[in-house]
Amino acid sequence: MAECHPVGFQWVMEAKARGAKVVHVDPRFTRTSALADVHVPLRAGSDIAFLGGIINYVLREEKYFRDYVLAYSNAPVILREDFRDTEDLDGVFSGLDTDSRSYDNSTWQYEGTEVQAASGQRDAEYDQRTGGGRSVTEAARGEAHGSGGAVIGEGEPERDETLTHPRCVLQVLKRHYARYTPELVEQICGVPQDLFRQVCELVTENSGRDRTTAFAYAVGWTQHTVGVQYIRAAAVLQTLLGNIGRPGGGILALRGHASIQGSTDIPTLFNLLPGYIPMPHAHQKQDLDAFVEAEAAHKGYWGNMRAYLVSLLKAYWGDAATAENDYCFDYLPRLTGSHSTYETTMAQLEGTCKGYFLVGENPAVGNANSKLMRLGMANLDWLVVRDFSLIESATWWKDGPEIETGELRTEDIGTEVFFLPAAAHTEKDGSFTNTQRLLQWHHQAVEPPGEARSDLWFAYHLGRLIRRKLAGSTDEMDRPLLDLTWDYPVKGTIAEPDAEAVLAEINGHDAEGRPLSSYEQLKDDGSTACGCWIYCGVHADGVNQAARRKPGGEQDWVAAEWAWAWPANRRILYNRASADPDGRPWSERKALVWWDAERGQWTGHDVPDFKKDKAPDHRPPQDATGPEALSGTDAFVMQADGKAWLYVPSGLTDGPLPTHYEPQDSPFPNLLYRQQRNPVRQLMPTVPNNRYQPSAGEPGSEVFPFVATTYRLTEHHTAGGMSRWQPYLAELQPEFFCEVSPELAAERGLEHTGWATIVSARGVVEARVLVTDRMAPLTVQGRRLHQVGLPYHWGPNGYSTGDAANELLHLSLDPNTHIQESKAFAVDIRPGRRPRGPASVELVRAYRIRAGIDDKTGTEQ
């Protein structure tokens, strides 16, 4: 966090100055480690075993916050008799279809009720519930993820309030993690038992009624074939300890880019609409009502999805969206499969994706298996690159690695590349949304130079020109573009659209054009328009709430008048859980919101994440739906049952409980189960340049004996597009390097500041050698393991140049999110510079031959 998020880390240091303990778990000793009370080095890719060990300690020693868990989680819920755990099936859950690499989750359900999937099986259940649609495959199974949670069917699940029933969630959890002992953690993670127990004690001693512990993870935690389950493991632990919805608790995904959180809220993701509404599938006979019926929860605030969606459609298409035409629901694009970054690359290679926009991305060096990215772009008809500098994704066609090796020739590449210079954030108005869901407005400081333009300018004027060209068209296919509301005011000599007008549209308005102040005002009858329901209120009263800057000394510790947090300016989500079932704070020290019986409402320091006048003893009528179906103790208001899920009966493609699997390429066997890897990980084995490596004692695995991990540095930013062209930053970190221990350096003949060649089955790179104690060797499964650290900022362009670490990576993806596994992979390292030209390709081929690699290697279930 100190390395990648130094501004946010200021607050960690302020907490430490007041007595907080800081524990840093990371393969490397970093700037964060130097300032932490405890540093825990562990093997990259083994975090679920580590977290599972803490969960086992919490359960075995009964350190969990029982009253919180009983009231606010699904711990008492009883599972079906036919559910089988990984402990029963040697590493897989019941319902695995090995042919399709997928789970049928029907056996994962609660006893006494059916749970409808939020993803994974939702397409099949759509057919069952609405009587139509295509097959599961044709309907892009599992891609309309949304965040609505699972829909609870008829009846109530059976519960055991004593938490002793052998099939209740808490007991299932105990059995699942019983073998995640300190001894096993040491064997799998390389963490000494006494150090591990110290972490367990620190975390549990600082949790409960009077204290809370926060987990902060860099987004690299997601970059594994089980990345979603990493986060789930942290959520299970934090729920058991009562650290969700309370001040000083929670799980913080550290969003390093200027507005990564904003780009998922109002998404650049292929399978979401604004506000995490799922994108519709290419189902037949699916109208607005059928979509809502299939996708929306019947209980909780996702029960109001129709109001959120209709208001979004009104924001998109205004007067053209009417009840008679389903509010233009049919205008929305439909998913026909996964259209993630890496599937798009496959489509480029296959020739089905003809054109590509790159806005603030540099896949030629920044994506996993960068070679595939360049080969895909070489197969396009056209490519538009918008960036500050001539990044590698704009110039690969003349100076990329494949030009040097002879695999591509510039004169044979048919891609027409357009480079359009982009304005920096200082050169435009707009907002950032960061880790804490806080929208902060930034004002333009200077005009963009030359032909540089903002993203807003580009999108608005591109849309304007396309609409002008289509004017008068009678083709129904053009109606969605022609009917768009596209009338933003512009200013200045370059006709820059007014960013605040866009913010006002996102905020929403009623039928009279008055700004809305809360998503609870949204209607499903077309009388409200709102571009993103979770942002409703950011322009309340016609005031840009994101631009507020009231000093901290002039308000309380929640700082509610500094900018604006979604939703509803609420600073802590699910904060009903900060009070006990009767509405009293768990302790005065951790009081946040509470029930005021005299006034008949929730009050406190934060905006209550609960219906303001719903009493703690409220019980909803049997036929209630949406928010009205939540009881006075259903604190997790976005879940269909109002509870935090220790166990996930539906909504994930790879299991209801986090389970340790080895990374795709691993030098070690899975000590817990016969199942080596995530059985439903997403593979792309048919591409010749995406070969996987043998693992865990398989013939050839010794060819790649070391574990590598990628990371970022404070001085550079992601793929380098914002930093390698800055002379001062280039001077601070001038070259691509690898971090190795003195022991590994001696073993392989590597010299400090000399050169090393790092090889995988996908590629080869060279790096300057940094010999350092920061990369401590670990003892894993009885042998010495060395890890290699690789910052991923470099490429051949700019002031500071070097090979791209991402050349080494495979495409084996998390099946829920399609995110690559870039934080744990196996390599070899040797002294000296890598070969040049065709000899570089030959070296990688020679390694493949030595390891016996073919298109089947690593694809085992």
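Reasoning about a predicted model

Biologist: In this predicted model, what makes β15 and β20 a pair of strands?

Modeller: Strand β15, which covers residues 438–442, is joined to β20 in the antiparallel sense over two bridges, and because two strands pair if at least two bridges are found between them, the two count as partners. Within this pairing, L439 stands opposite W564 of β20.

Biologist: Which sheet do these strands belong to, and what is its order?

Modeller: They belong to an open sheet of three strands in the order β14-β15-β20, with antiparallel pairing.

Biologist: Why are β14 and β20 said to stand at the edges?

Modeller: Both β14 (430–433) and β20 (564–565) have a single partner strand, so one side of each is left without a neighbour in the sheet.

Biologist: Turning to the surface, which residues make the nonpolar patch of about 610 Å²?

Modeller: The patch is made by F357, V359, W382, F418, L420, L462, I466 and L481, and the elements that give two or more residues to it are β11 (355–359), β13 (416–421) and α18 (455–470).

Biologist: L420 is found in strand β13; why is L420 called partly exposed?

Modeller: Its relative accessible area is 32%, and because buried means under 20% and exposed means over 50%, L420 falls in between and is therefore partly exposed.

Biologist: How do you know that domain 1 (41–75 + 169–254 + 573–648) and domain 2 (682–850) are in contact?

Modeller: Contact means heavy atoms within 4.5 Å, and 18 residues of domain 1 are in contact with 21 residues of domain 2, while the centres of the two domains, taken over C-alpha atoms, are separated by 36 Å.

Terms used
Residues are numbered from 1 along each chain as its sequence is written. This is a predicted model: local features need pLDDT of at least 70, side-chain atom pairs count only at pLDDT 80 or more; totals for chains, interfaces and linings use all residues. Side-chain values use heavy atoms; hydrogens and water are left out. Patches are made of residues with over 30% relative accessible area and no salt bridge: like charges are joined within 9 Å, nonpolar side chains (Val, Leu, Ile, Met, Phe, Trp, Tyr) within 5 Å. Accessible areas come from the Shrake-Rupley method with a 1.4 Å probe; for residues, only the protein chains shown count as cover. A salt bridge is a side-chain nitrogen of Lys or Arg within 4 Å of a carboxyl oxygen of Asp or Glu. Helices (H or I, at least four residues) and strands (E, at least two) are DSSP runs, numbered from the N terminus. Buried means under 20% relative accessible area, exposed over 50%, partly exposed in between (1.4 Å probe, protein chains only). Domain bounds come from an automatic or database domain assignment.
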